[in-house]
Amino acid sequence: MEETNKMEETTKKEEQTSTQKIGIYLWIWLLLFVLSFFSYMVDWYQFQGMLRWSLILFFMFLKAGLIMAFFMHLFWERYALVNVLLWPMTAIACFIFLMTAEFKYTLFSRFFYFVVGGA
Amino acid sequence: MSEQKIDGFELKPGFKGMASDTGSDQTMFKGVHWGKAMMWIFLLSDTFVFSCFLISYMKGRGSTIVDWPNTSEVFSLHVGGVPVPLLLIAIMTFVLITSSGTMALAVKYGYEKNRKMCGWLILATAVGGLTFVGMQVFEWSKLIHEGVRPWGNPFGAAQFGSFFFMITGFHGFHVSIGVIFLFIYTYKVFAGHYESKKRGWFTKMKGDYVEIEILGLYWHFVDLVWVFIFAFFYLW
């Protein structure tokens, strides 16, 4: 019985050694460099306003997505794992939404009492 | 990179596969090493910790009536008398991405049982991480020298210092822990612990190159967090 178990173990191990081609890692690596360079250029050329924020967020999510999908292998993982990891992010989105309302209120109160001088 | 085949099972792809995996007996994450699943759960909780820091930074920065310091100027370096904005931060970003790339290759070579290549690449990753921490120490000492404190600074809103030290400090702590483990695993790979199936610490589990992937997940996460810090704290 133990012998067969050992046999199964070894076949399992051998199956695991199938890996991705090296090219995909090098491409992602290069892409990350290029995207980082672009996001640095956003500051270099001093873009302001909506253009700056949208570019920063665009490059940020693209980089994060590439790292998670390919370097952390989420692209090749089963959906059971991927969904367990990604759905909790909606809780963070809710928290950001709540705190945005909160900081606007705090800012309003500070202006009202510290700058305007209250009612 | 889970095994897609398990004897006696037909694993369905996509959302149907997710439903049957989740509703099945014994394990939900089919073909995923338990250590890898645990590392992912840890990283998920760590994501929440970093999110709380970054969200509190958003709240603090959004609610102050004093102008926020211009990060482009605060983090500039003088090269030949000319201030270059965010130069050190840009170099740090590139160093961390480089180390992330070497780590990804180390995982690949590990699974291919290429011991030497895997070891050298992990060592390169460790050196990259060490360089990053070194530059962060330089950045901190420069800012402290210029009078930035957790309770105030000469550039603008007083909250700047506390958020800066807390967020970059917590990230730097993660990098430091990562570097220590990278050096330990460099030794383990070169010593052939994964060929001789030597046990790790506190475990009966026999050594396997999947440990390198687990280490890699942590290291890529450190890089991932830096992507967000770079965008929100330095560029915003």
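Visitor: How much of chain A is made up of buried residues?
Guide: In this predicted model, buried residues account for 14% of the 119 residues in chain A.

Visitor: And what secondary structure does chain A have?
Guide: Chain A has 5 helices and 0 strands, and reading along its sequence gives the pattern α-α-α-α-α.

Visitor: Where is the confidence lowest in chain A, and where is it highest?
Guide: The lowest mean pLDDT, 48, belongs to helix α1 (residues 2–16) of chain A, whereas the highest, 94, belongs to helix α5 (residues 89–116) of chain A. Over residues 6–17 of chain A the pLDDT is below 50, and this stretch has 8 contacts in the model beyond near neighbours in sequence. For chain A as a whole the mean pLDDT is 85, with 85% of its residues at 70 or more.

Visitor: OK, on to the interface. How many residues of each chain are in contact with the other?
Guide: The contact involves 47 residues of chain A and 47 residues of chain B. On the side of chain A that touches chain B, at least two residues come from each of α1, α2 (22–44), α3 (49–71), α4 (79–86) and α5 of chain A.

Visitor: Which of those gives the most?
Guide: That is α5(A), which gives 12 residues to the side of chain A that touches chain B. By residue type, the side of chain A that touches chain B divides into 30 nonpolar, 9 polar and 8 charged residues.

Visitor: What about the largest nonpolar core, how many residues does it have?
Guide: The largest nonpolar core has 64 residues, and B:A106, B:I122 and B:F230 are those with the most contacts inside it. Two or more residues of this core are given by each of α2, α3 and α4 of chain A, and likewise by α2 (34–63), α4 (87–111), α5 (115–145), α6 (159–190) and α7 (210–235) of chain B. The largest share of this core, 18 residues, comes from α7(B).

Visitor: What does B:I122 touch?
Guide: Leaving aside residues up to four places away in sequence, B:I122 touches B:A106, B:L182, B:Y185, B:T186 and B:V189.

Visitor: Different spot now: where is B:G80 found?
Guide: B:G80 is found in chain B, in the loop between β1 (77–79) and β2 (82–84).

Visitor: Is B:G80 buried or exposed, and why?
Guide: B:G80 is exposed, because only 5 other C-beta atoms lie within 10 Å, and a residue counts as exposed at 12 or fewer.

Visitor: How far is it from B:D21?
Guide: The C-alpha atoms of B:G80 and B:D21 are separated by 61 Å, the two residues being 59 residues apart along the chain.

How values were computed:
Residues numbered from 1 in each chain as written. Chains lettered and ligands numbered in written order. Predicted model: local features only at pLDDT ≥ 70, side-chain atom pairs only at ≥ 80, totals over all residues. pLDDT = per-residue confidence, 0-100. Helix = DSSP H or I, 4+ residues; strand = E, 2+ residues; numbered from the N terminus. Contact = placed C-beta atoms within 7 Å. Buried ≥ 20, exposed ≤ 12 C-beta atoms within 10 Å, placed from the backbone. Nonpolar A, V, L, I, M, F, W, Y, C, P; charged D, E, K, R; others polar. Core = buried A, V, L, I, M, F, W, Y, C linked by C-beta atoms within 7 Å.
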